[in-house]
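Hi there,

Here is the structure I promised to pass along. Please have a look at it first, and then read on for my notes.

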Amino acid sequence: MTAEEKTWAMKIGLFVVLTLLIGLTVTALRFDLDNGFLLVALHAYLVFQLFNLFDMVVLDWGVMLLIDPAKPPIQGTEHAPGWRDFQFHALKSLKGVVLGAPFAIVAAGIAWLIHFLIG
């Protein structure tokens, strides 16, 4: 990637992470915080996993079937690993299973902080 592409990738990645964290915080706030921190965090984790599943099934597998590996939308990725490889994407989505826990804990913590500050 060029320097400009790396900058855009960083900006888009930050936007996605912040949007996901804000979304998890909102859903944690809408969940009954009287259930306790662990249930709120579990709720946020399960919402994260729904997003992770959507990403794998719709965005990865679904779009992958529509793309010709010889003519991908990103130049330079012709015949890269992952084109039309369901197992590759399934294994990559396992990162989301692990990454969901810190996201959920942070979102639940922010929700609790907001709840107790605003009251």
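Below are my notes on two helices and a pocket. Please keep in mind that this is a predicted model.

I'll start with H3, which covers residues 86-118. Its 33 residues reach 46 Å from the first C-alpha to the last, close to the 48 Å expected. The helix has a bend of about 35° at Leu99, and within four residues of that point comes a proline, Pro102. At the N-terminal end, Asp85 acts as a cap, with a side-chain oxygen 3.3 Å from the backbone nitrogen of Gln87.

What does H3 pack against? Its buried residues meet helix H1 (3-30) and helix H2 (37-66). Among those buried residues are His89, Gly96, Gly100, Phe103 and Trp112, along with several alanines, including Ala104 and Ala107.

H1 has 28 residues and spans 41 Å between its end C-alphas, close to the expected 40 Å. Leu20, Leu21, Leu24, Thr25, Thr27 and Ala28 are buried in H1, and the buried residues of this helix pack against H2 and H3.

Now for the part you may want to open in your viewer: the largest pocket holds about 400 Å³ of space. Its lining is made up of 17 residues, and Phe51, Asn52, Asp55, Gly96 and Leu99 lie nearest the centre. H1, H2 and H3 each give two or more residues to that lining, with the largest share, seven residues, coming from H3. Leu99 therefore turns up twice in these notes, as the site of the bend in H3 and as one of the residues nearest the pocket centre.

Best wishes

Terms used
Residues numbered from 1 in each chain as written. Predicted model: local features only at pLDDT ≥ 70, side-chain atom pairs only at ≥ 80, totals over all residues. Heavy atoms only, no water. Expected span 1.5 Å × (residues − 1). Bend = angle between axes of the 7 residues up to and from the residue. Buried < 20%, exposed > 50% of the residue type's maximum accessible area, 1.4 Å probe, protein only. Contact = heavy atoms within 4.5 Å. Polar contact = N/O pair within 3.5 Å; in protein donor to acceptor, adjacent residues only side chain to side chain. 1 Å grid on protein atoms, 1.4 Å probe; cavity = no way out; pocket = protein on both sides within 12 Å on 5 of 7 lines; lining within 4 Å. Points joined across faces, edges and corners; volume = space filled by probe spheres on them.
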